[in-house]
Every structure is written in structure tokens, then in C-alpha cells.
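Subject: The structure, and what turned up in it

Hi,

Here is the structure I promised to pass on. Have a look at it first, and then read on for my notes.

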Amino acid sequence: MTGPAALLADVNARIATACRIARRAPEEVTLVAVSKTHPAAAIAPLIEAGQRVFGENRVQEAQAKWPELRAQYPEIALHLVGQLQSNKAEDAVALFDAIHSLDRSSLVVALARAMDKAGRRVPCFVQVNIGAEEQKGGCAIAELPALLAEARGADIPLAGLMCVPPAGVEAAPYFALLGKLADDNGIPGLSMGMSDDFETAVMLGATHVRVGSALFGARG
Ligand SMILES: *Cc1c(COP(=O)(O)O)cnc(C)c1O
């Protein structure tokens, strides 16, 4: 076995090993294959190898790439993992099966309106700015309870919390903190862990790992 199928098998085996060590069932962890910047021709082999959940970080790129792939493979689920502008909420609700970047009040309003209009409720992860980094997306930890209450009030299905820890430092403390915030707030899922740290994330309770370069190779 070579190429995409081998990379997928390797990532799945590493998730399974982390689950075994942490005494978790592998079915508790969803691998989101982040295919941003990669063309349909690079994605299809991964689907053929059995991968079913994919992530994109830009609405426009996903709109250009996915309709054709989904016509061919109707069982695919597509997740938005990147920041979302309120004026793209309708497009996002139409295209995605989950949104990992709900991080502010104005977006709760825009997504709730878009879901009402489409007659479709899309599960959302609330993104937390877990390292309190100025330039990063995500709501401040102090604002999380209020944002969750707003989302619940607007009937947005809450799938979990999501974070991207600060670069260049050990991610584990940030994953543990996100887990604690989810517990404190009665939230079920945890979207955390990328190519460099998904095993750590699984051991700390991740339900969704977002893996790009370990599956597709480095982005250009
Ligand atoms: C690109 C991206 C990923 C995947 O990153 P890799 O390091 O390539 O695995 C995960 N999450 C988000 C939000 C991303 O933008």
C-alpha cells in the first residue's frame, strides 16, 4: 500500500493506538481530513481509501471544489474549520454539515437566521481563543458561557468546543483546558488536534481531530 491510502491507514492506526492507551473506543474519535488548498484530484483517492469526513477553511474554495465530488460520493460529510464571516453564513449553512468556528455573538445571529431560512440546523463547535492570543479567532474564555447561552437560545445545535493552541509550545495544557471548559459547560464534543499533535489531543479527550498535512503532504 502506498500514497494516500497508506497515509490514511497510518493516521487511523495512530488514532487507534492513542485511544487504546487512553481506554477510549476508536469510534469516539472522528478524523476530519482537512483538504484546504488540495485539488479534487488529491481528495478522491482518500475517499476511495475510505475517508468520509473532510474539512475546508474557506467557504469559496469549498464551493468551487466540493459540489462535483459530493455528486460522485454522496456519503461525504463536509466541515468548515476556518473563520467565518457573517455575510457568508447562508453559504456555509447550505454547504457544510458542521461548523467549527462559531466564535462571536454576531455570528450566532447570522447562523441562526441562515438556519431558519434554510430549514436546516447545522451542528456548531464554539471556537475558544484558548491561548488568549490577540490575532487569533475564537471567543475569550471569560465570554464562553454567555456565547454558549446565546447559541442555545438561538436553537443552534452545539456539537462541542474547538481550539487551535498557540504555535511552537506544548499543546497538551491547552487541550486539557478546553476539556475542562467543555465539562464545566456541559458540552459534549472537543475539536482539537492537528497533524503535529492529534495523538495528544485524542489522549486528552478529542472527539474530532483536524488533520491536513499528515494526510495530504505539506501545503504549497
Ligand atoms: C489547516 C488546518 C488544520 C490542519 O492542519 P495540519 O497541520 O495540516 O494538520 C486544522 N485546523 C484548522 C483550523 C486549520 O486551518
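Among contacts between residues at least 6 apart in sequence, 59% join residues at least 24 apart. Please keep in mind that this is a predicted model, so everything below is computed from it.

The overall picture first. The protein has nine helices and eight strands, and its C-alpha trace spans about 50 × 40 × 30 Å along the principal axes. For 220 residues, a compact globule would have a radius of gyration near 17 Å, and the protein agrees with that because its own value is 17 Å. Buried residues account for 49% of the 220. The accessible surface is about 10000 Å², and carbon and sulfur atoms contribute 52% of that area. As for charge, there are 20 positive and 24 negative ones, and their mean positions lie 1 Å apart.

Now to the strands. β1 and β2 run parallel and are joined by two bridges; in one pairing, Ala 33 has Phe 54 of β2 as its bridge partner. Strand β2 covers residues 53–56 and is covered on both faces. Val 53 and Gly 55 are on one side, Phe 54 and Glu 56 are on the other, and all are buried.

Strands β4 (residues 98–102) and β5 also pair in the parallel sense, again over two bridges. Here the bridge partner of Ile 99 is Cys 124 in β5. Within β5 (residues 124–127), Cys 124 and Val 126 point one way while Phe 125 and Gln 127 point the other way, and all of them are buried.

Between these pairs you may want to look at His 79, which sits in strand β3 (residues 77–80). Its relative accessibility is 7%, so His 79 counts as buried. Beyond its neighbours within four places in sequence, His 79 is in contact with Val 32, Val 53, Phe 54, Gly 55, Glu 56, Phe 96, Ala 98, His 100 and His 208.

Next, the loop between β1 and α2, where Ser 35 lies. At 0% relative accessibility, Ser 35 counts as buried. Not counting residues up to four places away in sequence, Ser 35 touches several residues, including Phe 54, Gly 55 and Glu 56 as well as Lys 65, Trp 66 and Phe 216. The C-alpha atoms of Ser 35 and Phe 54 are 6.6 Å apart, with their positions 19 residues apart in sequence.

Phe 216 comes up again with Ala 42: the two are 174 residues apart along the chain, yet their C-alpha atoms are separated by 7.5 Å. Ala 42 belongs to helix α2 (residues 40–48) and, with 27% relative accessibility, counts as partly exposed.

Finally, two backbone angles. Which residues have a positive phi without being glycine? One of them is Arg 23, with a phi of about 55°, and another is Thr 37, with a phi near 70°. Most residues other than glycine have a negative phi. Arg 23 is in the loop between α1 (3–21) and β1, and at 80% relative accessibility it counts as exposed. Thr 37 is in the loop between β1 and α2, where Ser 35 also lies.

Happy to go through any of this with you.

Best wishes

Definitions and conventions: Residues are numbered from 1 along each chain as its sequence is written. This is a predicted model: local features need pLDDT of at least 70, side-chain atom pairs count only at pLDDT 80 or more; totals for chains, interfaces and linings use all residues. Side-chain values use heavy atoms; hydrogens and water are left out. Helices (H or I, at least four residues) and strands (E, at least two) are DSSP runs, numbered from the N terminus. The radius of gyration is taken over C-alpha atoms; the globule rule is 2.2 Å times the number of residues to the power 0.38. Buried means under 20% relative accessible area, exposed over 50%, partly exposed in between (1.4 Å probe, protein chains only). Contact means heavy atoms within 4.5 Å. Accessible areas come from the Shrake-Rupley method with a 1.4 Å probe; for residues, only the protein chains shown count as cover. Lys and Arg count as positive and Asp and Glu as negative; His and the chain ends are not counted. The place of a charge is taken as NZ of Lys, CZ of Arg, CG of Asp or CD of Glu. Two strands pair if DSSP finds at least two bridges between them.
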